[in-house]
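Reader: Hey, I've just opened this one and could use a hand finding my way around. Can we go through it together?
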Amino acid sequence: MIEIPAKLIRTHSKSSPDWLASLPGTLDRYVDQWQLTVSGDLMSGAASLIVPVVRRDGTDAMLKLQRVDDESESEALALRTWNHDDVVEVYEDDPETSTLLLERLEPRTLNDLPDATEATRILAELLTHLMVVPAPSGVRRLSDIAAGMIEDAPRVIPMLADPAEQALTWRLVAQMTELLPEPGDRLLHWDLHYENVMAAKRQPWLVIDPKPLAGDPAFELMPAVWNRWDDLVATGDLSQAIRDRFDLMLEVTGIDRDRALGWTAGRILQNVLWFTEDGDTRIEAELKAVADALLA
């Protein structure tokens with residue numbers, strides 16, 4: 001028997017109880033199939049169970065158990081497509097279940113760097129390496145994601161209580177719509193924030209946990225902008241701090257500013273639609289602050 005972490009139970013108890021119940025058997029299956037020895041306490045994010053293991057040859061590794069969905073099904077493909085020096089290594093994978101056996105990294109992320117500006121620069125430098133790689137066939141397309149948002153907007157936006165926030169959201173739709181004819185074809189991470197960059201032995205920092213997408217690298221900036229939020233607030237000038245972080249990402253990556261603003265509007269829109277469909281009637285304060293700082 002294993003004790004499933006509480007965070008994972010909170011995420012999946014209602015939506016995927018059968019998957020949760022299957023985890024002990026799934027863990028046993030892959031420990032046997034890949035000849036592993038469990039070597040530490042179980043960990044989790046919101047969506048996956050992470051198990052420290054040792055391979056038959058003595059190599060430390062991490063077994064990642066997760067549901068098969070649009071986000072997980074191309075994870076191994078993406079990690080094997082990018083340069084090995086930039087991302088965590090995949091030792092084994094099973095596409096049928098999206099189970100991965102990954103390189104063991106150090107228990108430290110870019111969130112742990114005291115200097116938020118340094119952390120942003122490191123993240124941006126990694127993005128410059130990832131963003132030049134063409135997306136392989138079979139990866140979801142940004143054009144489809146964006147078109148879905150535009151289709152959903154007329155139904156969801158009226159759920160916002162404030163007419164001014166409705167108007168703002170329609171402006172986000174318009175900005176993203178302008179870019180839709182040229183959605184890009186690079187391999188995107190989609191969730192490149194500070195906790196998804198971990199310290200390693202073979203490189204100072206490696207990228208983990210992509211949600212692969214084919215599209216424009218300008219779509220990648222928002223996670224870096226609105227994570228480590230307390231560091232932005234602590235500057236005493238939130239709007240300027242948001243602009244400074246955004247400008248640093250553009251300076252390092254060379255991404256075109258107009259496209260960056262347009263696709264960042266799309267990322268804000270995506271979150272507004274998600275949160276509103278989940279029952280929010282006001283735009284989250286952090287999203288509103290980013291929109292005011294960059295798009296006003």
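Author: Sure. One term to start with: contact, or touching, means heavy atoms within 4.5 Å. Also, this is a predicted model, where local features need pLDDT of at least 70 and side-chain atom pairs count only at pLDDT 80 or more, while totals for chains, interfaces and linings use all residues. Residues are numbered from 1 along each chain as its sequence is written, and side-chain values use heavy atoms, with hydrogens and water left out.

Reader: OK, so what does Ile242 touch, not counting residues up to four places away in sequence?
Author: Ile242 touches Val225, Trp229, Leu232, Ala289, Val290, Ala293 and Leu294.

Reader: And which residues touch the most other members in the largest nonpolar core?
Author: Those are Leu110, Ile242, Ile268 and Val290, in a core of 79 residues. Such a core is a set of buried Ala, Val, Leu, Ile, Met, Phe, Trp, Tyr and Cys residues joined through side-chain atoms within 4.5 Å. Helix 10 gives the most to this core, with eight residues. Another core, of 18 residues, lies apart from it and includes Leu8, Leu23, Val51 and Leu101.

Reader: Back to Val290: buried or exposed?
Author: Val290 counts as buried because its relative accessibility is 0%. Buried means under 20% relative accessible area, exposed over 50%, and partly exposed in between, using a 1.4 Å probe and protein chains only. Val290 is found in helix 11. Leaving aside neighbours within four places in sequence, Val290 is in contact with Met222, Val225, Trp226, Trp229, Ile242, Ile268 and Leu295.

Reader: How do helix 10 and helix 11 pack?
Author: Helix 10 (residues 257-277) and helix 11 (residues 285-295) pack at about 160 degrees, with axes 11 Å apart. That makes the two roughly antiparallel. The cut-offs: under 35 degrees is roughly parallel, over 145 roughly antiparallel, 65 to 115 roughly perpendicular, and the rest oblique. Axes are lines fitted to C-alpha atoms, for helices over the stretch in contact, and angles run from 0 to 180 degrees between N-to-C directions. Helices (H or I, at least four residues) and strands (E, at least two) are DSSP runs, numbered from the N terminus.

Reader: Which residues meet there?
Author: From helix 10, Leu261, Thr264, Ala265, Ile268, Asn271, Val272 and Phe275 meet Leu287, Val290, Ala291, Leu294 and Leu295 of helix 11. By class, this contact has 10 nonpolar, two polar and no charged residues. Ala, Val, Leu, Ile, Met, Phe, Trp, Tyr, Cys and Pro count as nonpolar, Asp, Glu, Lys and Arg as charged, and the others, Gly among them, as polar.

Reader: What about helix 5 and helix 10, at what angle do they cross?
Author: Roughly 50 degrees, with axes that come within 10 Å. Helix 5 and helix 10 are therefore oblique to each other. The contact residues include Leu142, Met149 and Arg155 of helix 5, and Trp263, Leu273 and Glu277 of helix 10. The classes here are nine nonpolar, three polar and two charged.

Reader: Changing topic: where is Gly138?
Author: Gly138 is in the loop between helix 4 (116-130) and helix 5 (142-156). With 69% relative accessibility, Gly138 counts as exposed.

Reader: And Ser72, buried or exposed?
Author: Ser72 counts as buried, at 6% relative accessibility. Ser72 lies in the loop between strand 4 (60-66) and helix 3 (75-81). Beyond neighbours within four places in sequence, Ser72 is in contact with Gln66, Arg67 and Ser98.
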